[in-house]
Amino acid sequence: MSGEKNEVELWMENVIRNKKIKSVFQPIVSLKTGEIYGYEALSRITEDPYAVGIEDLFTYARKSKNLWRLEETCRVRALKKARELPAEKKLFLNADPNVINDKKFISGFTRKKIRKYEIESQNIIFEITEHSAIKDVKMFKQIVQHYQRQDYQIAIDDVGSGYSGLNRICALHPQFLKIDMSIVRNIHNDSVKQSLVQGMVQFGNAAGIELIAEGIENEEEMEEIIRLGVHLGQGFFLGMPLEKFQEEKQTIRKRIVSMYRKHHPHNFAPSILGEVGYICSPKETVTPEKSGEVIYEFMRKNPNITEICIVDDQNYVLGMLTRKRVMELFGGRYGYTLHARDTAGELVTKDCLAVDASTSIEVTSKLAMARPRDMLYDAVVVTRDEKYMGIVTLKDLLETAINIQISRAVDANPLTGLPGNKKIEEVISGCICERQDFTAIYIDIDNFKAYNDAYGFNNGDLMLQALADVLRDTCEKDDFVGHIGGDDFVVIRRKDQAAKLCEELIAKFHAAILELYSPEDRKRGWIVSKDRNGLKAEFPLASLSVSVLISLEQHVKSVDEFSRKIAEIKKKCKQKQGDCYMIKTI
């Protein structure tokens, strides 16, 4: 046994010395949108004949005074691969707390490497394992403060076994706490675990700390974690550790969005998106086996019930029974006798109007009004992923559509037709009050006044309209696009993938305004106009300054604070010549 142990030790020394380590990356997924928020870099031994595993290798490295040597190898492997990290995604790097005691530990090593591999430091998050570090509180504080001094974000890993020490942990102001997988495991069947996580969520909300649930291995665990209000998740069900940065799974993304809407409906405001799902109401449903006689008696005793949806055991909509149809079937001399033994499945009207919850209220209204006259006043069934969600009446649809149209018309900018300042402030206030993450993109045109003076106000209006069209074309349907006034526009979105959008906006804007310049001005790349003193001067062609503020939950407390922060970014952005976009996360 002693010889075998020595053989394994020699092999482990060889692994460390020859750096036989590779990096794999497991996605950390938003449990609101289903999008990948970032990736945890995990280390694997390239060849492991003794089934030692990376944890055992680190244990040996600590004992043999090789901890920093192994840590350095793992970190370099991960950072080198991180050059392929998708835009605006975070990279979580594990940091062994004991490494600070290693004499070879090098302060500032990581910063040099991220510069070498051209990685943004704000996208690096160091994970520090709590269950090993908490044994030595002084060491724990030292390692956290070491990375905080270098402006890195901090995640405390394996939180749960040390739950009683949360006050001590959060006094160090980490940005993330990772809930230990032992708590997540089978949480949907364990009320004690549910209460524990619920308390951690409240704690995190109060302290401004984001929670990440580790070890999610099935849909039931994921749904319970979403219900409890944890916003980020990680586990085999969401994505396996792979050598390449994987994209989000569309099936998982749809389930997450559906579950989040189900358990947190108050976070979706109709004034922002105008989708029919936000105004539908869940009503009574029955299965196709239900007795027609029972349905008739139920409607007879409840005159306010105007329809009942028929759904199968998986909640898929099979059709509808309206009050009018039920009363016609059971009325008359022999109606009751003829249909009393029929089931709901036999009586159902299958050609009812059903729309997905994401359908706009305006479109749903048009579909409802286009039905045959005898079905004109029937309710509309609303589904999510083809499953029953609720109904809306024609009265609900028309009233909401009219109110939205009036509100938009009153506040819309007369030139571009985009919502104006009142609506913009309302949307931003809604994001702040709902304590949701949101991204604000402020766009203005450089050298617009010079163009206006040289080409006239009519052409200036055409440039503004061109930018408005570009914004409509480039932004997604869930994004809010507003026109503040003049050459200032704003986009509010729930996603934080801003860099790609900024680049698309700039490229499409230049293509759209090309014909607004004379061939001579296009060729030389500048125009002659008047400066602030009324003197002729040369000005570059119009470009865009795009200021982006990504506000994480609760980090912006008011519209005034939002305005100050976006103004700071805009000021720096305007100091750059030509097209520029700047992104700041708070």
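**Notes on the charged, nonpolar and backbone features**

1. Let's start with Lys116, which sits in helix α4 (residues 109-116). This is a predicted model, so please read each point below in that light. Lys116 is exposed, because its relative accessible area is 56%, and exposed here means over 50%. Along the chain, Lys116 and Arg83 are 33 residues apart, and their C-alpha atoms are separated by 9.8 Å.

2. Lys116 and Arg83 both belong to a positive surface patch. The other members of the patch are Arg17, Lys19, Lys20, Arg69, Arg77 and Lys80. Helix α3 (residues 67-81) supplies the largest share of this patch, with three residues. When you have the model open, helix α3 is a handy place to begin looking at the patch.

3. Another member of the positive patch is Lys19. You will find Lys19 in the loop between α1 (2-17) and β1 (21-30). With a relative accessibility of 44%, Lys19 counts as partly exposed. Lys116, by contrast, is exposed at 56%.

4. Which residue forms a salt bridge with Glu84? The partner is Lys81, and the closest N and O atoms are 3.5 Å apart. Lys81 has a relative accessibility of 25% and therefore counts as partly exposed. This pair is one of 18 salt bridges found in a search of the whole structure.

5. The next pair is worth a look for where its members sit. Lys178 and Glu214 meet through their side chains in a salt bridge, at 3.5 Å from N to O. The pair links distant parts of the chain: Lys178 is in strand β6 (residues 176-179), while Glu214 is in the loop between β7 (210-213) and α10 (219-228), 36 residues apart. Are these two residues buried or exposed? Both Lys178 and Glu214 are buried.

6. Lys178 and Glu214 are also part of something wider. A network of salt bridges links Glu40, Glu127, Lys178 and Glu214. Within this network, Glu127 lies in strand β4 (residues 124-129). Glu127 counts as buried because its relative accessibility is 0%. The side chains of Glu127 and Lys178 make a polar contact at 2.7 Å. If you inspect one charged site in the model, you might choose this one, where Glu127, Lys178 and Glu214 are buried.

7. Turning to another salt bridge, the side chains of Asp446 and Lys574 meet at 2.6 Å, N to O. Asp446 lies in strand β15 (residues 438-446) and Lys574 in helix α24 (residues 559-574), so this pair ties together parts that are 128 residues apart in sequence. The two partners fall into separate accessibility classes: Asp446 counts as buried at 9% relative accessibility, whereas Lys574 counts as partly exposed at 35%.

8. Now for the backbone. Most residues other than glycine have a negative phi. Asn447 has a phi near 65°, a positive value in a residue other than glycine. Asn447 sits in the loop between β15 and α20 (448-455). At 27% relative accessibility, Asn447 counts as partly exposed.

9. Where is Asn186 placed? This residue lies in the loop between α8 (181-184) and α9 (191-207). Asn186 has a positive phi of about 60°, although it is not a glycine. With a relative accessible area of 38%, Asn186 is partly exposed.

10. Helix α9 also holds Gly204. Gly204 counts as buried, because its relative accessibility is 3% and the cut-off for buried is under 20%. Gly204 and Val230 are 26 residues apart in sequence, and their C-alpha atoms are 9.4 Å apart in space.

11. Finally, a nonpolar feature. Phe236, Met240 and Leu242 form a nonpolar patch on the surface, and together they have about 280 Å² of accessible area. Of these residues, Met240 is in the loop between β8 (232-233) and α11 (250-263). Met240 counts as partly exposed, with 40% relative accessibility.

Terms used. Residues numbered from 1 in each chain as written. Predicted model: local features only at pLDDT ≥ 70, side-chain atom pairs only at ≥ 80, totals over all residues. Heavy atoms only, no water. Patch = residues over 30% accessible without salt bridge, like charges linked within 9 Å, V, L, I, M, F, W, Y side chains within 5 Å. Areas by Shrake-Rupley, 256 points an atom, 1.4 Å probe, with all protein chains shown as cover. Salt bridge = Lys/Arg side-chain N within 4 Å of Asp/Glu carboxyl O. Lys, Arg positive; Asp, Glu negative; His and termini not counted. Charge placed at Lys NZ, Arg CZ, Asp CG, Glu CD. Helix = DSSP H or I, 4+ residues; strand = E, 2+ residues; numbered from the N terminus. Buried < 20%, exposed > 50% of the residue type's maximum accessible area, 1.4 Å probe, protein only. Polar contact = N/O pair within 3.5 Å; in protein donor to acceptor, adjacent residues only side chain to side chain.
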